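Welcome! Take a look at the sequence and the model below, and then follow the briefing topic by topic.

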Amino acid sequence: MATYSDDTQPQGSYEEGGRAEGTYGKGGPAEETYGKGGQAGGPDGPGAAPSTVLDRSPSLLPRLALGALRSPFKRPSATADFPRTRLVLPGLRVDLARLAAYERVCGFATGEDALPVTYPHVLGFPLAMRLMSGRGFPLPLLGLVHTSIEITRYRELAASGAYELTAYVDGLAPHRRGTEVTVVTELRVDAEVVWESVSTYLARHRTKDTGAERERETHGPLPGVAEWRLAGDIGRRYAAASGDRNPIHLYPLTARLFGFPRAIAHGMWTAARCLAAHGTPQAVLVRAEFRAPVLLPGTVTYAADGERFELCGGDRVHVSGGVYPLTGSAADGAVS
């Protein structure tokens with residue numbers, strides 16, 4: 001997915017994550033169940049969704065291709081049925097060499113037995129992609145725009161640890177420019193949720209709905225902290241570390257095929273790079289809103305003030321967000 005807010009005009013593409021080739025779980029493809037548009041029931045609430053246990057992380061490239069082929073046949077609507085199956089990947093261990101490459105390209109410290117706050121997104125994205133490329137998913141993958149992410153890390157996560165990943169579609173909502181979908185990813189240790197994210201994606205289409213947009217925090221310009229000169233190969237380096245080899249991020253020629261003048265930085269790279277510079281406590285809530293693409297090569301300014309941060313190019317804000325420490329019971333995590 002492209003990774004900007006709805007005030008940009010990407011021509012359609014998608015992010016990849018993860019690394020493993022493989023099957024889709026014992027017994028073949030997931031058996032999907034559906035619900036009407038709106039919020040899905042929680043894992044233990046009324047109408048609890050079935051779970052499908054995977055043997056290994058889904059292969060991304062076939063999922064991307066399948067989602068692209070199915071896109072022209074989708075009829076997006078905020079009231080459409082959507083799959084409620086929860087995909088579960090137990091016994092996940094981190095590829096430490098790939099993690100180190102990710103840390104280097106994003107600016108995180110290397111050599112520590114700890115996962116950067118954004119890295120579980122890379123691990124969980126293949127599960128989310130399987131959901132969003134499925135026949136029963138109502139929104140077209142082509143043109144789906146990643147508009148925001150909210151990450152909650154309840155405690156520091158060891159890079160050498162074993163985890164269980166879960167991903168599911170949480171609901172659809174009307175938007176003035178189309179339909180939004182929310183995808184939740186959870187990381188567990190011994191049934192305890194230790195990290196979770198809520199990603200919002202927008203499918204643009206004509207609609208009579210007047211869905212309210214998420215309100216943006218308004219404030220004056222943040223003070224500049226550092227100027228970053230971004231090399232033209234940032235997209236290729238991040239692709240090698242994350243698995244996201246979307247052509248819009250790789251070369252000027254392939255980016256022009258999708259309507260961009262030259263390659264653009266991965267949205268999740270821009271968020272990770274800002275968070276590496278800002279720093280995050282062990283127990284933290286992070287929010288990032290993707291508002292405009294970053295062209296490569298290019299020069300951007302990292303700005304920050306207290307809990308807030310931005311990545312800007314001139315007067316244009318590319319990414320805005322905040323880092324909020326968790327205290328008290330909120331830092332104890334969630335169990336399901």
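Strand S4 (residues 86-93) and strand S6 are joined by 5 bridges and run antiparallel. Keep in mind as you read that this is a predicted model. The protein chain holds 6 helices and 14 strands, so there is plenty to explore beyond this pair, and the notes below take it in small groups.

**Strand S6 and its partners**

- Strand S6 covers residues 162-175 and is mostly covered, with 10 of its 14 residues buried.
- To find a spot where S6 meets S4, look for Leu92, which stands opposite Tyr163 in S6.
- How many bridges join S6 to strand S7 (residues 178-189)? There are 11 of them, and these two strands run antiparallel.
- S6 and S7 form a hairpin, and 2 residues lie between them.
- One pairing to look up in this hairpin is Pro174 with its bridge partner Thr179, which belongs to S7.

**Just after the hairpin: the loop from S7 to S8**

- Asp190 sits in the loop between S7 and strand S8 (192-204).
- The phi angle of Asp190 is near 50°, which is a positive value in a residue other than glycine.
- Is Asp190 buried or exposed? Asp190 is exposed, because its relative accessible area is 77% and the cut-off for exposed is over 50%.
- Ala191 also lies in the loop between S7 and S8.
- For Ala191, phi is near 75°, again a positive value in a residue other than glycine.
- Ala191 counts as partly exposed, because its relative accessibility is 41%, and partly exposed covers the range between the 20% and 50% cut-offs.

**Helices H1 and H3**

- Helix H1 (residues 60-70) and helix H3 (residues 119-132) have axes that come within 9 Å and cross at roughly 30°.
- H1 is therefore roughly parallel to H3, since angles under 35 degrees count that way.
- The H1 and H3 crossing is left-handed.
- Which residues meet here? From H1 come Leu60, Arg63 and Leu64, and from H3 come Phe125, Pro126, Met129 and Arg130.
- Sorted by class, the contact of H1 with H3 has 5 nonpolar residues, 2 charged residues and no polar ones.

**Helices H2 and H4**

- The axes of helix H2 (residues 96-106) and helix H4 (residues 234-242) come within 8 Å, and they cross at roughly 155°.
- Why are H2 and H4 described as roughly antiparallel? Their axes cross at roughly 155°, and angles over 145 degrees count as roughly antiparallel.
- The crossing of H2 and H4 is left-handed.
- On the H2 side, the contact is made by Arg98, Ala101, Tyr102, Arg104, Val105 and Cys106.
- On the H4 side, the residues are Ile234, Arg237, Tyr238, Ala240 and Ala241.
- By class, the contact of H2 with H4 has 8 nonpolar and 3 charged residues, with no polar ones.

**Loops that meet distant parts of the chain**

- Where is Ser57? Ser57 has its place in the loop between strand S2 (51-53) and H1.
- Ser57 counts as buried, because its relative accessibility is 9%.
- Ser57 and Pro90 are 33 residues apart in sequence, and their C-alpha atoms are 9.8 Å apart in space.
- Ala265 is found in the loop between helix H5 (252-256) and helix H6 (267-278).
- Ala265 counts as buried, because its relative accessibility is 2%.
- Leaving aside residues up to four places away in sequence, Ala265 touches His249, Thr270, Val294 and Leu296.
- One of these, Leu296, is 31 residues from Ala265 along the chain, yet their C-alpha atoms are separated by 6.5 Å.
- The peptide bond from Leu296 to Pro297 is cis, and its omega is near -10°.
- Pro297 has its place in the loop between strand S10 (284-290) and strand S11 (298-305).

**The whole chain**

- The protein chain has 336 residues, and 55% of them count as buried.
- Among contacts between residues at least 6 apart in sequence, 80% join residues at least 24 apart.

Technical notes: Residues numbered from 1 in each chain as written. Predicted model: local features only at pLDDT ≥ 70, side-chain atom pairs only at ≥ 80, totals over all residues. Heavy atoms only, no water. Axes fitted to C-alpha atoms, helices over the stretch in contact; angles between N-to-C directions. Helix = DSSP H or I, 4+ residues; strand = E, 2+ residues; numbered from the N terminus. Parallel < 35°, antiparallel > 145°, perpendicular 65-115°, else oblique. Left-handed = near helix turned anticlockwise from the far one by under 90°. Contact = heavy atoms within 4.5 Å. Nonpolar A, V, L, I, M, F, W, Y, C, P; charged D, E, K, R; others polar. Buried < 20%, exposed > 50% of the residue type's maximum accessible area, 1.4 Å probe, protein only. Pairing = 2+ DSSP bridges.
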